[in-house]
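Reader: Hi! I'm in my first year and still learning to read these models. Could you take me through one part up close, and then show me how the rest fits around it?

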Amino acid sequence: MTDVNGSLIPSGSLVDGPRVHGSVYRNPDIFQRELERIWYKVWVYVGHESEVPNAGDFVRRQIGLQPVLMVRGDDGKVRVFYNRCRHRANLVCLTETGNAEKFVCPYHAWSYANTGELLEPTFDEGYNYDLDKSRFPLVEVARQDSYRGLMFASVAPEGITLTEHLGPVSEFIDMFMGLSPEGEITLDVGCQKVRYKGNWKYMPENSMEGDYHGPFIHKIAFELYSRSSGLDVSALHEEEIPDVIRSLPGGHMVEDYRGAPLFKRPGEPSAARKEYAAKMIERHGEKLATQMMGTMAPLLFVFPNMMYVMTHIRTVQPVSVGETNSYYYPVMLKGVPGEINAARLSDHQFMFGSAGFVSPDDVEIMERNQIGMKAVGDDWLFIGRGEHRERDMPDGGRSGFTMDETHLRGFWRHYASLMEGGA
Ligand SMILES: [Fe+2]
């Protein structure tokens, strides 16, 4: 088969050890196959329950290309519905976020309770049979489950459980949630939206390998951050640390900094920081609390669309093979002094805001990647860094050094197994 750029798509696997074929970023047929075999099959992250704290609260989301709604009903339960009227399939909800006692389809005004039941089909005397309302509720996405407030859904009626899907990555989710002395986070300070002209897979790849590209595209950002915060982060790049880069079964990826040297924070800690430290020691004990507060929480990617990146939860949502939306939700910690969350938000804006010093450069790089990928030549990418020294871990994953591409290889192994029909 010839690809859109005239190159030949191999008849065999598109992933070959440390090599990935360029067509996976570029070919519309492959994108269609991804929808069928990945997005409409596996568990996809939808949102966090703190985004819908009150009865009637809702957010609009997508699973693959399918529009859905995450709603907390009057009964207190959070559900994920298809955003589609049972009458003629119009969107029943147009607003991105809000509160609704009921959803009224704008087309012919059929209305639904926030728990999904059809309340009223309009002009129902015109139907030539006794319309049974219970036949037409908003349709719930087939499978739904949550982990620590993170709501996931799968449009496939059957498959592995969420617990099986998450596997050992749940331990890393626990770690960033453990930054809250109450073990709870909230996503309630808004959302930043990014749209880029590039394939969706660049985002997880780029987001989880900042240690390798950081010294090049984020050089100035790191210098500025060190100067303004007094924290020297350069040590992360000066000497590579083993077991930082982790691939986990299921295509999940982690950057685990537990073995990294502790940041040296200059000066006397503020009263708020002292209070935070005391609460963390109370929850985790002195040793673990010191380690958690002195290093970066693990960066993680939950296959196929959710990331935790330093300050925020990030999602990736494909639009087409060459266009992607991404959403950044700053993570606020429950039970900490206001100053701590304010500092988190300020760090977030500094690095990842639309005028920040890190994320805009990543987006630029991803767009250039999509253009470079059009070139016909040797169409295989090479992600072989650290292949000779990666080692098997007890959790079934593999680990590598700080700048290795071990996790990317794990992601692509899982991707290939799903695309070739695996579970
Ligand atoms: Fe980056």
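Author: Let's start with a pair of side chains: Glu-140 and Gln-144 are joined by a polar contact of 3.3 Å. A polar contact here is a pair of N or O atoms within 3.5 Å; within protein, one must be able to donate a hydrogen and the other to accept it, and residues adjacent in sequence count only if both atoms are side-chain atoms. Before going on, a word on the ground rules: this is a predicted model, where local features need pLDDT of at least 70 and side-chain atom pairs count only at pLDDT 80 or more, while totals for chains, interfaces and linings use all residues. Residues are numbered from 1 along each chain as its sequence is written, and side-chain values use heavy atoms, with hydrogens and water left out.

So where does Glu-140 sit? Look in the loop between strand E10 (118–120) and strand E11 (143–147). Helices (H or I, at least four residues) and strands (E, at least two) are DSSP runs, numbered from the N terminus. Glu-140 is partly exposed, at 35% relative accessibility; buried means under 20% relative accessible area, exposed over 50%, and partly exposed in between (1.4 Å probe, protein chains only). Skip the residues up to four places away in sequence, and Glu-140 touches Arg-79, Val-80, Phe-81 and Tyr-82. Contact, by the way, means heavy atoms within 4.5 Å. Glu-140 is also 9.3 Å from Leu-69, C-alpha to C-alpha, with their positions 71 residues apart in sequence.

Now hop over to Val-68, which belongs to strand E5 (residues 66–72). Val-68 counts as buried, because its relative accessibility is 0%. Its contacts, again not counting residues up to four places away in sequence, include Val-80, Phe-81 and Tyr-82, along with Val-141. Those three, Val-80, Phe-81 and Tyr-82, are also among the residues touched by Glu-140. For a longer reach, take Val-68 and Leu-345: they are 277 residues apart in sequence and 28 Å apart in space, C-alpha to C-alpha.

Next comes Ala-156, in the loop between strand E12 (150–154) and helix H2 (162–166). Ala-156 is buried too, with 10% relative accessibility. Leaving aside neighbours within four places in sequence, you'll find Ala-156 in contact with Tyr-40, Lys-41, Ala-142 and Arg-143. Glu-36 is 120 residues from Ala-156 in sequence, yet their C-alpha atoms are 9.9 Å apart.

One more stop: Thr-295, in the loop between helix H9 (286–294) and strand E17 (299–302). Thr-295 is buried, at a relative accessible area of 7%. Its side chain reaches the backbone oxygen of Gln-291 at 2.8 Å. Apart from neighbours within four places in sequence, Thr-295 is in contact with Tyr-257, Ala-260, Pro-261, Leu-262 and Phe-263.

Now zoom out. The chain has 12 helices and 24 strands. Its radius of gyration is 23 Å, close to the 22 Å that the globule rule gives for 423 residues, so the chain is as compact as a globular protein of that length. (The radius is taken over C-alpha atoms, and the rule is 2.2 Å times the number of residues to the power 0.38.) Along the principal axes, the C-alpha atoms fill a box of roughly 75 × 60 × 40 Å. Buried residues make up 52% of the 423 residues. Of the chain's contacts with a separation of 6 or more, 65% come from residues 24 or more positions apart.
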